[in-house]
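Me: I am new to this structure and would like a close look at one part of it, the largest pocket. Could you walk me through what lines it, and show me how that part sits in the whole chain?

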Amino acid sequence: MKVKIYDVNNKIGIEAKIIELKDYKGNLPSLTDNWRFNFKKHSKVKNTKTYVLVRENDEEVPEGCLIFEMRDKVEPFMAYVEIAPHNKGKDGQFDKVAGCLIAFACRLSFKLGEDDYKGWLSFEVWEPTKEEADKLMGLYSKKYKAMRIQGTNMMIIAPQDGEELIEFYLNS
C-alpha cells in the first residue's frame, strides 16, 4: 500500500509503501540493529503477519515495522510496532511512520476482524517503568485516539477513530 511520510529536514512529503514481509527484500531489524524489538524473531510467531514501511526509492531500509496478529482468529491485535532508530526523537529523519503503520493496522482490523471485533484494534504497552508506560500511553491517546482499559496496559482504538486515522494517514 502506498503511503506518504514526511521528510523533517527537507520539509517535504516522501513516497513510501507498506509491504508484507514476503515482498520485502531487506533484512528485518533486530536488537543488534538498535531496534527495541527483534522483528526477525517475532515475525515467526504463528498467526501473525509482518509488514515493513519503506521509502519508494530505498526499499531495503525499513523506516518502521508492524506485526499484526489475529487472536483466536477473530480479534485484531497490534503485537509490535516500532519506527527505525533514525526516525525517533526531535532529530528524527521521517515523521508519520508510526501513524501510517497504526492506521494500516486499523485498516486490517476492519478487513480481518470478526463479529464484535470488526474495526477494533487492541494492543499492549510495555515499558521498563510505569512512568514511561504512562507517558507512551498518553502519546497513543493524544495522537492516535487510543483508549486505555483501566488498570491495565491494554489499549484499544475504536472503529470510528480507526477510520479517522485511516483517512488521515493512508488516504491523504
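Reply: Four helices and nine strands make up the protein chain in this predicted model. Reading from the N terminus, the elements follow the order β-β-α-β-β-β-β-α-β-α-β-β-α. The radius of gyration is 15 Å, close to the 16 Å that the globule rule gives for 172 residues, so the chain is as compact as a globular protein of that length. Along the principal axes, its C-alpha atoms fill a box of roughly 40 × 35 × 35 Å.

A few overall values help to set the scene. Of the 172 residues, 45% count as buried. Take the contacts between residues at least 6 apart in sequence: 57% of them join residues at least 24 apart. On the outside, the chain exposes about 9,700 Å², and carbon and sulfur atoms supply 50% of that area.

Now to the part you asked about. Rolling a probe the size of a water molecule over the atoms shows where empty space is left. The largest pocket has a volume of about 810 Å³, and 34 residues line it. If you want to find its centre in the 3D view, look for Val-81, Glu-82, Ile-83, Leu-136 and Tyr-140, the lining residues that lie nearest to it.

Which elements each supply at least two residues of this lining? They are strand E5 (75-83), strand E6 (94-95), helix H2 (97-112), strand E7 (121-124) and helix H3 (130-144). E5 gives the largest share, with seven residues. Sorted by class, the lining has 19 nonpolar, five polar and 10 charged residues.

The second largest pocket makes a useful companion to this view. Its volume is about 180 Å³, and its lining consists of Glu-127, Glu-132, Lys-135, Leu-136 and Leu-139. Leu-136 is therefore a name to remember, as you met it among the residues nearest the centre of the largest pocket. By class, the lining of the second largest pocket has two nonpolar, no polar and three charged residues.

Helix H3, which helps to line the largest pocket, offers one more stop. Lys-130 lies in this helix. Is Lys-130 buried or exposed? Lys-130 is exposed because its relative accessible area is 56%, and the cut-off for exposed is over 50%. Lys-130 also shows how the chain brings distant positions together: Asn-153 is 23 residues away from Lys-130 in sequence, and the two are 9.6 Å apart in space, C-alpha to C-alpha.

Notes. Residues numbered from 1 in each chain as written. Predicted model: local features only at pLDDT ≥ 70, side-chain atom pairs only at ≥ 80, totals over all residues. Heavy atoms only, no water. 1 Å grid on protein atoms, 1.4 Å probe; cavity = no way out; pocket = protein on both sides within 12 Å on 5 of 7 lines; lining within 4 Å. Points joined across faces, edges and corners; volume = space filled by probe spheres on them. Nonpolar A, V, L, I, M, F, W, Y, C, P; charged D, E, K, R; others polar. Buried < 20%, exposed > 50% of the residue type's maximum accessible area, 1.4 Å probe, protein only. Rg over C-alpha atoms; globule rule 2.2 N^0.38 Å. Contact = heavy atoms within 4.5 Å. Areas by Shrake-Rupley, 256 points an atom, 1.4 Å probe, with all protein chains shown as cover.
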